[in-house]
Amino acid sequence: MNFLKNNKKMNDKDKLLFIRDLLNAIDIKTKIKRIGDVNMRIDALGKLPDRKTAIFSIEFGNDALEVPRKILEDYAIMHNRYNIKKKDIVTFSILNLLPSKRSEYYKVLDDIKKITQIEIYTFSINFLNQIV
């Protein structure tokens, strides 16, 4: 099931609010960026039940390979600008559709983990909707 196919009339802000509401429903207190705020590039920030900070990069289109780069940038901003300890940051990629197993996306995630020890957890919008 493709989330966007069934929600073509939603604008970007409504889509982000929908994701925020889903994350809040599973006890991740989440705030989304303000549309048009160029100072905050992070799509959404959340507080996990264990008090760690969650960074969410959300892709409604098909450009999954752009997401890991954005997450690394967001991670660096949270650590350097806001002084959040690396061990207290958890990164998530929320995609409209998961890439196929043969996609470069998973190779990029593996390389990031090997080199930086940053693990990026990935799930689809539909999966998030189903667990709620």
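This passage walks through the sheet of a predicted model and the helices that accompany it.

The sheet is open and has 5 strands in the order 1-2-3-4-5, with mixed pairing. Strand 1 (29–32) and strand 5 each have a single partner strand and stand at the edges, so one side of each is left without a neighbour in the sheet. From one strand to the next, the twist averages 25°. Strands of a sheet pair through backbone hydrogen bonds, either parallel or antiparallel. Here, strand 1 and strand 2 run antiparallel and are joined by 4 bridges, with threonine 30 opposite glycine 46 of strand 2.

Strand 4 is a good place to pause. Strand 3 and strand 4 run parallel and are joined by 7 bridges; glutamate 59 stands opposite leucine 95 in strand 4. Strand 4 also pairs with strand 5 in the parallel sense, over 5 bridges, and phenylalanine 92 has tyrosine 121 of strand 5 as its bridge partner. Of the 7 residues of strand 4, 7 are buried. Both of its faces are covered, with Ile89, Thr91, Ser93 and Leu95 buried on one side and Val90, Phe92 and Ile94 on the other.

Two helices link these strands. Helix 3 forms a right-handed β-α-β unit with strand 3 and strand 4, and helix 4 forms a right-handed one with strand 4 and strand 5. The end C-alpha atoms of helix 3 (residues 66–80) are 22 Å apart, which agrees with the 21 Å that its 15 residues should span at 1.5 Å a residue. Its buried residues include Val67, Ile71 and Met78, and the buried residues of helix 3 pack against elements including strand 2 (44–47) and helix 4 (104–116). Helix 4 lies across strand 4 and strand 5, at about 155° to strand 5.

How values were computed: Residues numbered from 1 in each chain as written. Predicted model: local features only at pLDDT ≥ 70, side-chain atom pairs only at ≥ 80, totals over all residues. Heavy atoms only, no water. Helix = DSSP H or I, 4+ residues; strand = E, 2+ residues; numbered from the N terminus. Expected span 1.5 Å × (residues − 1). Buried < 20%, exposed > 50% of the residue type's maximum accessible area, 1.4 Å probe, protein only. Contact = heavy atoms within 4.5 Å. Pairing = 2+ DSSP bridges. Axes fitted to C-alpha atoms, helices over the stretch in contact; angles between N-to-C directions. Right-handed = clockwise from strand over helix to strand, strands pointing away.
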